[in-house]
Amino acid sequence: MDRDAIIAASKKHDIVSGKPYKYGTAGFRMSADLLDGVAFRVGLLSALRSRKLSGQTIGVMITASHNPAVDNGVKIVDPMGDMLEQEWESYATSLVNAPTHEELADYYQKLADTLKIDLSSPGKVIAGRDTRPSGITLVTALADALAATKTEYIDFKILTTPQLHYLTRCINTAGTPGAYGEVSEVGYYKKLVEAFYRSLRGRKVTGTLSVDCANGVGGPKLSELLKHHDSTKTGLDVKVCNDDVLRPEVLNLDCGADFVKTRQRAPPSPKPAPGDRWCSLDGDADRLIYYWVDPDTGFFMLDGDRIATLAASFIADLFRNAGLDGQLRIGVIQTAYANGASTKYVEQHLQLPVVCTPTGVKHLHHAACSYDIGVYFEANGHGTVLFSPDAVQTFKTKEPQSPAQKDALETLSALADLINQTVGDAISDMLMVEVILAHKGWSLRDWAMTYSDLPNRLVRVEVGNKDLFQTTDAERKLSHPAGCQDEIDQCVKKYTNARSFARASGTENACRVYAEAATRSEADELANKVAAIVK
Ligand code: NG1
Ligand code: ZN
């Protein structure tokens, strides 16, 4: 009987009581030594989720992304490779917080009853993990839950987060018209490399691209992809850097996309030679930041906002060239953290609509789905470009009126295969950026010239109770505590081209204050003043 099996298995994976377990934007993420019981319980929930969805495969990713090596996390992936449905986040939270093994088994049964889940029907779960050593024991906990609930299970071992999303979608679409790709890691490399060749359309990438892999899973996986890539066809010459996954303690240490974005500087090692083209991935390879170090002006960063504007401008041009202008709708989705200059560039220069959503990829992804082409990126470099089935169909079936139209349609088709449709994927996004730069014949400097970022500052503020800070208007305004927003507004008024907002972090026990203004000193001053209001 399941109940006894669940209780017996759960006893091997105790939950540490008294901790604030909450399924947030990053799933459950915390110090790895608290996660054994959590991983077990996430196994139970994913088994339920699969059965609720008629036995479709659910993915579980074990990673703490850019967090320090001692942390880890567990996150559930829905069948099409998107994030777990919102309503289920609260079931996950309740299940993980069950105080005893017996209450856990009871809550599992109660969920099955309420949601009308047939526990004897087949269920299937796949898992992947990043390079953190703690991942191995967490996978064991997960597997024990799946065995106790007689759920089919495949461990894909070490993967980037986007690879696990890719595999989940591939399994669930295999043999259907929407088949996403071969169900294997090699299938992922082959799909990307082939689409990269097709997207370039005979053009060549110039100059070496050095990739800082945060000493995470992106390093070995990028090297693997390169084995399937013929650089004589594309000109792409990649130098894989910071790819030491044998010393766990160096993961995300003074390198990686999060380091570069938050410190606004290049990793200290290896030292970028002046003018070299660089990019950084984060610890699970779902974020991407480009940069170079200019001999005269120093470090220059091209973040998620820049990648979004580059992609949107390129795709809008292809639409014009393909004669699709006005037929299909392109939209750009940002969060409040997007630099105001990027929003202005998209709306005024590219003449495309911008939607602002709350922080968290699931919100951006959802909003992007309402366009034929939805370009979404968080400023921190996490994002992708979604192509609707209608758009993909149009690229394939529209009769081209000229060789130029044919070329544009084929480029669009290839991009839809190159860009990961399930989630932000640093490796896929990097190939997309290289394709666009090659098409435009641009260096990073040319890309940077499109607009000037407003100087900005992001400050983390320790507060007594972050839950007191409630927002409206896609997190751009505080509704509570009362009066706080008025004070912020009064402050912002005193600066030129300024904007500032405060919100509770969804992943840390703190508030974040963002400010931008016409000059560096004004942005810093404004951020500090708003931080003082919030404190
Ligand atoms: P929080 O902690 O809610 O600000 C952070 C990032 C998000 C997103 C999530 C998930 C910033 C300002 N916030 O959210 O963009 O990536 O983590 O990892 O970068
Ligand atoms: Zn990440």
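In this predicted model, the side chain of N380 places an N or O atom 2.9 Å from an oxygen atom of ligand 1. Two further residues make polar contacts with oxygen atoms of ligand 1, E378 through its side chain and G506 through its backbone. The three contacts are listed below.

| Residue | Part of residue with the N or O atom | Distance to an oxygen atom of ligand 1 |
|---|---|---|
| N380 | side chain | 2.9 Å |
| E378 | side chain | 2.9 Å |
| G506 | backbone | 2.6 Å |

Taken alone, ligand 1 exposes 430 Å², of which the protein buries 86%. The residues around ligand 1 are R287, Y337, T359, E378, N380, R503, S505, G506, T507 and R512. Sorted by class, this shell holds four charged, five polar and one nonpolar residue. Domain 3 (304-448) and domain 4 (456-534) each supply at least three residues to the shell.

The second ligand is a zinc ion. Its donor atoms come from S65 (OG) and from the OD atoms of D282, D284 and D286, at 2.0 to 2.2 Å. Along the sequence, the donor residues follow the spacing S-x216-D-x1-D-x1-D. Two of these donor residues, D284 and D286, are buried.

What is the geometry of the site of the zinc ion (ligand 2)? The angles among its four donor atoms run from 85 to 174°, and the site is irregular. A tetrahedral assignment would require all angles to lie between 85 and 135 degrees, and the range for this site extends to 174°.

Conventions. Residues are numbered from 1 along each chain as its sequence is written. Chains are lettered from A and ligands numbered from 1 in the order in which they are written. This is a predicted model: local features need pLDDT of at least 70, side-chain atom pairs count only at pLDDT 80 or more; totals for chains, interfaces and linings use all residues. Side-chain values use heavy atoms; hydrogens and water are left out. Donors are N, O and S atoms within 2.8 Å of the metal (3.2 Å for Na, K and Ca); water is not among the atoms, so sites may look incomplete. Four donors count as tetrahedral if all angles lie between 85 and 135 degrees; four count as square planar and six as octahedral if opposite donors are over 155 degrees apart and all others between 65 and 115; anything else is irregular. Buried means under 20% relative accessible area, exposed over 50%, partly exposed in between (1.4 Å probe, protein chains only). A residue is near a molecule or strand if one of its heavy atoms lies within 4 Å of it. A polar contact is a pair of N or O atoms within 3.5 Å; within protein, one must be able to donate a hydrogen and the other to accept it, and residues adjacent in sequence count only if both atoms are side-chain atoms. Accessible areas come from the Shrake-Rupley method with a 1.4 Å probe; for residues, only the protein chains shown count as cover. Ala, Val, Leu, Ile, Met, Phe, Trp, Tyr, Cys and Pro count as nonpolar, Asp, Glu, Lys and Arg as charged, and the others, Gly among them, as polar. Domain bounds come from an automatic or database domain assignment.
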